[in-house]
Amino acid sequence: MTEAEQEQAPDLSALEQEGEIAADYVEGLLDIADIDGDIDMDVEGDRAMVSVVGLKSTELVGPAGEVLEALQELTRLAVHRQTGERSRLMLDVAGYRERRRAELTKLGTEIADQVRERGESKALEPMTPFERKIVHDAVAAAGLRSESEGEEPQRYVVVLPA
């Protein structure tokens, strides 16, 4: 591995530590709320992943994932408080993000096909950064370009013809 690759490679032990801190924090929240759920930790690429599994309700996800987004930000803040480092941790509850990833990948592919057929740009609804990245990746995999426009929280993806 070259020196440049070592600098860009994620620090696995630091990501595992983030995951452990986040898991402890989320577990504490579940205890306070008297919600039963198991915690899974993983490292995916350059981010720690913490998942709450075994839940039967969606109260920790909320409408359009709003509660989940808030919990993720609180968890990131808890990690930052202990490590002093900004966290890119991803929190999932009851498989919501995985289902959403599949939906958005399908949407990105379908919109790319429409744009290719019609030759006209298409703007999508506002999305979170996580959602926009998935759509951008799907559009790129379909061979087209996309870009984000607007200001948070109303930032959205525009798919461009070739």
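This is a short tour of the structure you have open, stop by stop. Keep in mind as you look around that the model is predicted.

**Stop 1: the first sheet**

Start by selecting residues 38-44, 47-53 and 90-93, which are β1, β2 and β3. Together these three strands make an open sheet, ordered β1-β2-β3, and the pairing in it is mixed. Now look at the two edges. β1 and β3 each have a single partner strand, so one side of each has no neighbour in the sheet. Turn the view a little and you can follow the twist: on average, neighbouring strands here are turned by 20 degrees against each other, ignoring direction.

Zoom in on β1 and β2. These two run antiparallel and are joined by seven bridges. For a landmark, pick Glu44, which stands opposite Arg47 in β2.

Now add the helices that sit on this sheet. Residues 12-33 are helix α2, which packs on the sheet and touches β1, β2 and β3. The direction of α2 makes about 160 degrees with that of β1. Then show residues 66-83, helix α3, which also packs on the sheet, with contacts to β2 and β3. Compare the direction of α3 with that of β3 and you get about 140 degrees.

**Stop 2: along α2**

Stay with α2 for a moment. This helix has 22 residues and spans 31 Å from its first C-alpha to its last, close to the 32 Å expected at 1.5 Å a residue. Which residues of α2 are buried? Select Leu15, Glu18, Gly19, Ile21, Ala22, Ala23, Val26 and Leu30. Those buried residues pack against β1, β2, α3 and β3. Step just past the end of α2 and you land on Asp34, which takes a positive phi of about 55 degrees.

**Stop 3: two sides of α3**

Next, go back to α3. Its 18 residues reach 26 Å from first C-alpha to last, close to the 26 Å expected at 1.5 Å a residue. Colour Leu68, Leu71, Gln72, Thr75, Arg76, Ala78 and Val79, the buried residues of α3. Why do they end up on the same side of the helix? Because they cover an arc of only 160 degrees around the axis. Swing round to the other side of α3 and you'll find Glu66, Leu77 and Arg81 exposed.

What do the buried residues of α3 pack against? Their partners are α2, β2, β3 and α4, the last of these being residues 96-118. Right after α3 comes Gly84, with a positive phi near 80 degrees.

**Stop 4: inside the largest core**

Time to show some side chains. The largest nonpolar core has 18 residues, and the ones that touch the most other members are Leu30, Val52, Leu55, Leu60, Leu91 and Val93. Two or more residues each come from α2, β2, α3 and β3. The biggest giver is α2, with four residues.

Centre on Leu60 and display what is around it. Leaving out residues up to four places away in sequence, Leu60 touches Leu30, Ile35, Leu55, Val67, Leu68, Leu71 and Val93. Apart from this core lies another one, of 15 residues, including Leu104, Val115, Met127 and Val157.

**Stop 5: the second sheet**

Move on to residues 122-126, 145-149 and 156-160: β4, β5 and β6. They form an open sheet of three strands in the order β4-β6-β5, and the pairing is antiparallel. β4 and β5 are the edge strands, each pairing on one side only. Neighbouring strands in this sheet are turned by 20 degrees against each other on average, direction ignored.

Select Tyr156 in β6 and look both ways. Pro126 stands opposite Tyr156, and so does Glu149. β4 pairs with β6 over three bridges, while β5 pairs with β6 over five. β5 and β6 also make a hairpin with six residues between them, and Gly150 in the turn has a positive phi of about 90 degrees.

**Last stop: helices on the second sheet**

Finally, bring α4 back into view. α4 packs on this sheet, touching β4 and β6, and its direction makes about 155 degrees with that of β4. Then add residues 129-141, helix α5, which lies across β4, β5 and β6 and runs at about 160 degrees to β5.

Key:
Residues are numbered from 1 along each chain as its sequence is written. This is a predicted model: local features need pLDDT of at least 70, side-chain atom pairs count only at pLDDT 80 or more; totals for chains, interfaces and linings use all residues. Side-chain values use heavy atoms; hydrogens and water are left out. Two strands pair if DSSP finds at least two bridges between them. Axes are lines fitted to C-alpha atoms, for helices over the stretch in contact, and angles run from 0 to 180 degrees between N-to-C directions. Contact means heavy atoms within 4.5 Å. A nonpolar core is a set of buried Ala, Val, Leu, Ile, Met, Phe, Trp, Tyr and Cys residues joined through side-chain atoms within 4.5 Å. Buried means under 20% relative accessible area, exposed over 50%, partly exposed in between (1.4 Å probe, protein chains only). The expected span of a helix is 1.5 Å times one less than its number of residues. The arc is that of the directions from the helix axis to the C-beta atoms.
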